[in-house]
Amino acid sequence: MTLKSKIVIANLLIFGLILAGVSAVVYHHVRGNELARVDARLDILADQVITEFSEEWTEEEVPEWDDILALFTGRFSEERFGLQAAGGQIILGDSTLTVPDSGTRQRIRAGEIIRGTTHIRSAAYRQLIRPVEVAGRVDFWLVLITPLADVHSRLDTLLLVLCLTVPAALLVGLIAVYLATRKSLAPMSRMVTIAEETSARHLDLRIPATSGDDEVSRLGQALNGMMERIEAAFTSQRQFVGDASHELRTPLTAIISELEFAARRIDDEKAKDSLDLALVELDRLGQLVDQLLTLARIDANRLVLEKQPVRLDELIVECVRLAERDARTRGITFSIQIAEAVEIPGDDRQLKSVLLNIIDNALKHSPRDSAVTIELKDNLAIGGAVITVADNGPGIDAADLPRIFDRFYRSSTARSSREGSGLGLAIAKELIDMHGGRIQLASTVGKGTTVSIQLPAH
Ligand SMILES: Nc1ncnc2c1ncn2[C@@H]1O[C@H](COP(=O)(O)OP(=O)(O)OP(=O)(O)O)[C@@H](O)[C@H]1O
Ligand SMILES: [Mg+2]
C-alpha cells in the first residue's frame, strides 16, 4: 500500500470517528433541550392545576364534580390529561392513560418527579404524573401527556441533515487531504524516479523545486547535496583515471619506440630476446592504458560517436585481415559467411575496435586447427544487422556468464593466463549500447562461445 493511501485511510478513520462523535453529541444535546422544553411546559400546566385545586378547596370538603370539570375545561391545547381518584380509577379526562401503580405513587409522594416517554397507539408522548392535594391530603393524581410528534420531526430533520452533511464533509475533507498529500508527496515520487535513474553515468540528475523548508523539501535538498558530493567524487576519480592514462601514454610510446630502436641495433641475441619480451609486455601495458582512457572518456560522456554509414561486410573483412596473422600463428582459420552487403549508421573506428576484441577473444580461446566463424545477417525483426562470432573453444562457465561484461572481469579459466585485462567486453558493451544495439554472449562449456552483436538500422 502506498504512503498516500495510508495517509488517506488514516484520515478517513480519524475524521470519520470525530465527525460521528460530534454528530452524536449534537444530536443528544438538541434532543435533551427539546425534551426539557416540553417538560417545562408540562410542569407549568401541572403547577397551575395543582395551585387552583389548593386554592379552590381549602376546607376538608369533597370537590364537586362540576367544579373539577370547570377547572379543566379549555385549559389544554394539544396536551391530554387524566385525573385519577385516590382510589385508583380515572375519573376525568383520557381513560387510556396509564395510572401510576402504588410503587410509583409512593416514590412521587416522597418528592420524586416522574416523567417519561410513553406510547399510545405507537405515537410517542411525554408524560408527567403529579399528586393533587386537597386540604393537605392527596385526593387525586394528575397524569399529563403531550405529543412528541413535533419534537421527533425536528429531531428527524436534524438526523437527516447530519446524515447528509457528515459524509459530505468527510468526502470534502478526504479530497483535500488527498490533494494535499499528493502535492506534498509529489517530490517523493520524483526522488524515487531519480534514485532509480541514477547510475554512474547519470549523476547529474537533481530533484527539482526543493526550496521550501518542510521535511520533504529538506529531504530533497539533502539528496541533491548528496548527489552533488557523489558526482564530485566520481568526476575527480574519473579525471584521475583519465589524467593518469593520458600521462602514462606519452612516456610509454617514447619507451616503446626507444626499445624498438635499440632492438634493431643490438646484436646480442639474448639481449634482443629480452628486449622483444619487454616490448610485448609494454604493448599490453599500452593497450591497457588505451582501454582505461577509452572507459574514462565514456564515463565522462566525452566519447562522442562519429556516425556515418558503415558497410559491415567490409568492416568484417578488414578486421579479419588485421587478425589474420595472429590466427595463422595460432593455427586457426576463419570461416566468413556474408550473404550480402549491409550498411548501418555507426562509428566505424569504434565498431572496428569492438569487433577486433571479439575476434581476439575467439582466437585466444580457440584450440589449434579449429575455425572461428563470423556471420553477418540482416535482422528483419529489428530492421538492422546481426554479427555473430562463434568459436569452438572451452566455453565459459555458467557462473561467470552474468558478470562477463563487468570491468576487469575474467572467467576463472582465463585468470591464470597472462593475456588480456578483462576490459574488452566491458568497452564493447558500452560502445554497442551507445549505438543503440545489443551485445549478447552464449556459451556452452566444452563446445564453444558465440557472441552476437545486434545493430539497429537507424
Ligand atoms: N570466446 C571466448 N571463449 C571463452 N571465454 C571468453 C571468450 N570471450 C571472452 N571470454 C572470457 O571473458 C573474459 C572477458 O573478456 P574481455 O574481452 O573483456 O577481456 P580479455 O579478453 O580477458 O582482456 P582484454 O579484452 O581487455 O584484452 C575473458 O577473460 C574470458 O575469460
Ligand atoms: Mg578481450
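**Figure 1. Overview of the predicted chain.** Of the contacts in the chain with a separation of 6 or more, 64% are between residues 24 or more positions apart. The model shown here and in the views that follow is predicted. The secondary structure of the chain consists of nine helices and 12 strands. The radius of gyration is 51 Å, well over the 23 Å that the globule rule gives for 458 residues, so the chain is more spread out than a compact globule. Along the principal axes, the C-alpha atoms fill a box of roughly 165 × 45 × 40 Å. Of the 458 residues in the chain, 19% are buried. The chain is divided into domain 1 (3–155), domain 2 (215–299) and domain 3 (308–456).

**Figure 2. The sheet formed by strands 1 to 5.** This is an open sheet of five strands in the order 2-1-5-4-3, and the pairing is antiparallel. Strand 2 (90–93) and strand 3 (114–120) are the edge strands, and each of them pairs on one side only. From one strand to the next, the twist averages 30°. Strand 1 (residues 80–85) is joined to strand 2 by three bridges, in the antiparallel sense. In this pair, Leu83 stands opposite Leu92 of strand 2.

**Figure 3. Strands 3, 4 and 5 in detail.** Seven bridges pair strand 3 with strand 4 in the antiparallel sense. One of the residues involved is His119, whose bridge partner in strand 4 is Ala124. Strand 3 and strand 4 form a hairpin, with two residues between them. Arg121, in the turn of this hairpin, has a positive phi of about 50°. Strand 4 is also joined to strand 5 by 10 bridges, and these two strands run antiparallel. Here Val134 stands opposite Arg137 in strand 5.

**Figure 4. Helices 1 and 3 against the sheet of strands 1 to 5.** Helix 1 (residues 3–56) lies across strand 3, strand 4 (123–134) and strand 5 (137–147). The helix runs at about 25° to strand 4. Helix 3 (residues 102–109) also packs on the sheet, where it touches strand 3, strand 4 and strand 5. The direction of helix 3 makes about 65° with that of strand 4. Helix 3 is hardly covered, as the count of buried residues among its eight residues is zero. After helix 3 comes Gly111, which has a positive phi near 110°.

**Figure 5. Where domain 2 touches domain 3.** The centres of domain 2 and domain 3, taken over C-alpha atoms, are separated by 24 Å. Five residues of domain 2 are in contact with four residues of domain 3. On the side of domain 2 that touches domain 3, there are three nonpolar residues, two polar residues and no charged residues.

**Figure 6. Arg284 and Ser421.** Arg284 is part of helix 6 (residues 269–299). Arg284 counts as partly exposed because it has 14 C-beta neighbours inside 10 Å, a count that falls between the 12 or fewer of an exposed residue and the 20 or more of a buried one. Arg284 and Ser421 are 137 residues apart along the chain, and 8.9 Å separates their C-alpha atoms.

**Figure 7. The sheet with strands 7, 9, 10, 12 and 11.** This open sheet of five strands has the order 7-9-10-12-11 and mixed pairing. Strand 7 (333–338) and strand 11 (438–444) stand at the edges with a single partner strand each, so one side of each is left without a neighbour in the sheet. On average, neighbouring strands of this sheet are turned by 15° against each other, direction ignored. Strand 10 (residues 384–390) pairs with strand 12 (residues 448–456) in the antiparallel sense, over seven bridges. Within this pair, Val386 has Gln454 of strand 12 as its bridge partner. Helix 7 (residues 312–330) packs on the sheet and touches strand 7, strand 9 (371–379) and strand 10. The direction of helix 7 makes about 175° with that of strand 7.

Conventions
Residues numbered from 1 in each chain as written. Chains lettered and ligands numbered in written order. Predicted model: local features only at pLDDT ≥ 70, side-chain atom pairs only at ≥ 80, totals over all residues. Pairing = 2+ DSSP bridges. Helix = DSSP H or I, 4+ residues; strand = E, 2+ residues; numbered from the N terminus. Axes fitted to C-alpha atoms, helices over the stretch in contact; angles between N-to-C directions. Contact = placed C-beta atoms within 7 Å. Domains from an automatic or database assignment. Nonpolar A, V, L, I, M, F, W, Y, C, P; charged D, E, K, R; others polar. Rg over C-alpha atoms; globule rule 2.2 N^0.38 Å.
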